[in-house]
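Biologist: I am new to this structure and would like to go through it with you slowly. Could we look at the sequence and the model together before I start asking?

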Amino acid sequence: MYFCEKLKLYAMAQISNEISRTFNEYLLIPGLTTKECTPDRINLQTPLVKFTKGSKSEIVLNMPFVSAIMQSVSDSEMAIALARNGGVSFIYGSQSIESQAEMVRKVKEFKAGFVASRANLTPEDTLQDVLDMKEKTGFSTIAITHDGSSNGRLLGLVTSRDYRPRRDDEHKKVKEFMTPFAGLVTGKYGITLEEANNIIWDKKVNTLPIVDEKGCLKYLVFRKDYDSHKDNPNELHDEQKRLIVGAGINTRDYEERIPKLVEAGVDVLCIDSSDGFSEWQKETIEFVRKTYGDTVKIGAGNVVDTEGFNYLADAGADFIKVGIGGGSICITREQKGIGRGQATSIIEVAQARDEYFKKHGQYIPICSDGGIVQDYHMVLALAMGADFLMMGRYFARFDESPTKKLLIGGTYVKEYWGEGSNRARNWQRYDMGGNSTLKFEEGVDSYVPYAGKLKDNLEITLGKIKATMCSCGTLSIEELKNNAKITLVSSTSIIEGGAHDVIVKDNKNS
Ligand code: IMP
């Protein structure tokens, strides 16, 4: 970076004359596409945590996406869906230690095909309760347990074949029409998915309740799910075949929070802060190293320049997040006047990472956090040097995000709010130390267009990324970083890049 050295004679701030740029200001120039360069040959694996020269990262993502540390994005459901597709979620830290640890535990205990029963009643409930439950949850298989909980003693099962809505009396008790336990085919807790599916086929049932030795319900296995859990070749798991999950932490309560998350089985932590160039982060990393050595992985950030990167690298971070003020819900730049264009930040920090690797033999992956709008921004960020990307808005649009789906003005939307908004009240993320509490917001509460299932959208996005990589003639993210040709674009060439000088008939894809 160039600073006006001469001006420093007058004891003033360092002023960079370099323009701070965003992804929109760049495009990729194609490289030679060889015959070998086809989408099915492209490898999207990328390191998540640092490694030394000649060794391999202990966690390698199967695709370069992680979901943002946000209430409106990353809970256990998102974490399960994302890990099953090869990425990682960082479960939000702006909740109690217990509930965050519980979410981590849920991901680690997830077994494909075994689902916790989400619609449960007792034998004393009525047909009306069954109909209400079906309406509320959308589930037509209802487990009947002694206390109406998902892990109570299993007493029966109700499906839509057990009643006729308009003919049966709605006051009729569940116990009069449920299929009682004695009439059910069940599986023993501990059986494999293959064994469960064999029972489903041999006994010709649609649902197999899995019960423990006390007769308590653990899971349900559905015939209709059979196909869906065969095709997750990118699933990301640990040595014990459990899904990989991350969690966000802050620099205030880490001494209590981290042990609970580790106990719950978390694979990787990340300090969540809008400005990570701080002694608070160094102290937090030191605590992890002192307590756990290198066994617990911890990322830090966010930074936007070499100085910030080197500081956190020397402090021992396992990966470093880059980005201030570029998030879609972020108003940090307006409120505090700090930040930097995301593209410029990534380009500089990627150079710092490579220098650090040359000098110290340690490769510390960097994550581009926030500001990704178009799918092609993802390829640009990777080509500029990011090892992986953290996204909030992108994931908030899917079924698996924790927020409500609403119909507004004829369009389905999902809610999406910033961690620095009044709604999330995650003031630790914007904590500058000391005792004063925060007095202003750094994020907004918003809607994003609803987009359906994560898996379906990922297929399209990753398809586009692979197609672009083919155009660049690169078969891996490593090759893309080394060989991509990137150009700045003028504002008029941006206009040229969209449909222009025609009357567009249908703007569904715009
Ligand atoms: P997006 O992918 O552009 O929506 O950006 C998501 C990123 O914005 C997150 O990963 C955070 O780094 C950042 N972020 C989350 N909440 C806030 C906020 O309230 N203000 C500023 N930045 C935020």
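Biologist: In what order do the four strands of the open sheet with mixed pairing stand?

Modeller: Please keep in mind that this is a predicted model, in which local features need pLDDT of at least 70 and side-chain atom pairs count only at pLDDT 80 or more, while totals for chains, interfaces and linings use all residues. Residues are numbered from 1 along each chain as its sequence is written. Strands (E, at least two residues) and helices (H or I, at least four) are DSSP runs numbered from the N terminus, and two strands pair if DSSP finds at least two bridges between them. With that in hand, the four strands of this open, mixed sheet stand in the order 7-8-9-10.

Biologist: Which strands stand at the edges of that sheet, and why is one side of each left without a neighbour?

Modeller: Each edge strand has a single partner strand, so one side of it is left without a neighbour in the sheet. At one of these edges, two bridges join strand 9 (residues 154–158) to strand 10, and the two run antiparallel. The edge strands are strand 7 (120–121) and strand 10 (179–180).

Biologist: What is the bridge partner of L157 in strand 10?

Modeller: Strand 9 covers residues 154–158 and is joined to strand 10 by two bridges. The partner of L157 in strand 10 is T179.

Biologist: In the open sheet of three strands, what is the order, and by how many degrees are neighbours turned against each other on average?

Modeller: The three strands pair in the antiparallel sense, in the order 21-22-23. Strand 21 (405–408) and strand 23 (445–449) each have a single partner strand and stand at the edges, so one side of each lacks a neighbour in the sheet. Taking axes as lines fitted to C-alpha atoms, with angles on a scale from 0 to 180 degrees between N-to-C directions, and here ignoring direction, the average turn between neighbouring strands is 45 degrees.

Biologist: Which residues are the bridge partners of K414 in strand 22 and its neighbours?

Modeller: Strand 21 and strand 22 pair over four antiparallel bridges, while strand 22 (residues 411–417) and strand 23 pair over five. Another bridge to strand 23 links Y416 with S446. As for K414, its partner on one side is K405, and in strand 23 its partner is V448.

Biologist: Which residue in the turn between strand 21 and strand 22 has a positive phi?

Modeller: The two strands form a hairpin with two residues between them. Most residues other than glycine have a negative phi, and most peptide bonds are trans. In this turn the residue with a positive phi, about 55 degrees, is G409.

Biologist: Which residue has a positive phi although it is not a glycine?

Modeller: The place to look is the loop between strand 13 (217–222) and strand 14 (246–249). There, with a phi of about 65 degrees, lies K241.

Biologist: Where is the cis peptide bond next to N302?

Modeller: N302 has its place in strand 16 (residues 297–303). With omega near 5 degrees, the cis bond runs from G301 to N302.

Biologist: Are helix 2 and helix 6 roughly parallel or roughly antiparallel to each other?

Modeller: Helix 2 and helix 6 (residues 254–264) pack with their axes 8 Å apart, at an angle of about 20 degrees. Angles under 35 degrees count as roughly parallel, over 145 as roughly antiparallel, 65 to 115 as roughly perpendicular and the rest as oblique. Helix 2 and helix 6 are therefore roughly parallel.

Biologist: How are helix 11 and helix 13 placed to each other?

Modeller: The axes of helix 11 (residues 375–383) and helix 13 (residues 454–471) come within 9 Å and cross at roughly 50 degrees. The two helices are therefore oblique.

Biologist: Which residues come nearest to the ligand?

Modeller: A residue is near a molecule if its C-beta atom, placed from the backbone, lies within 6 Å of it. Strand 20 (388–391) and helix 12 (393–396) each supply at least two residues of the shell. Of the 23 residues around the ligand, those that come nearest are G327, G392, G418, G420 and G443.
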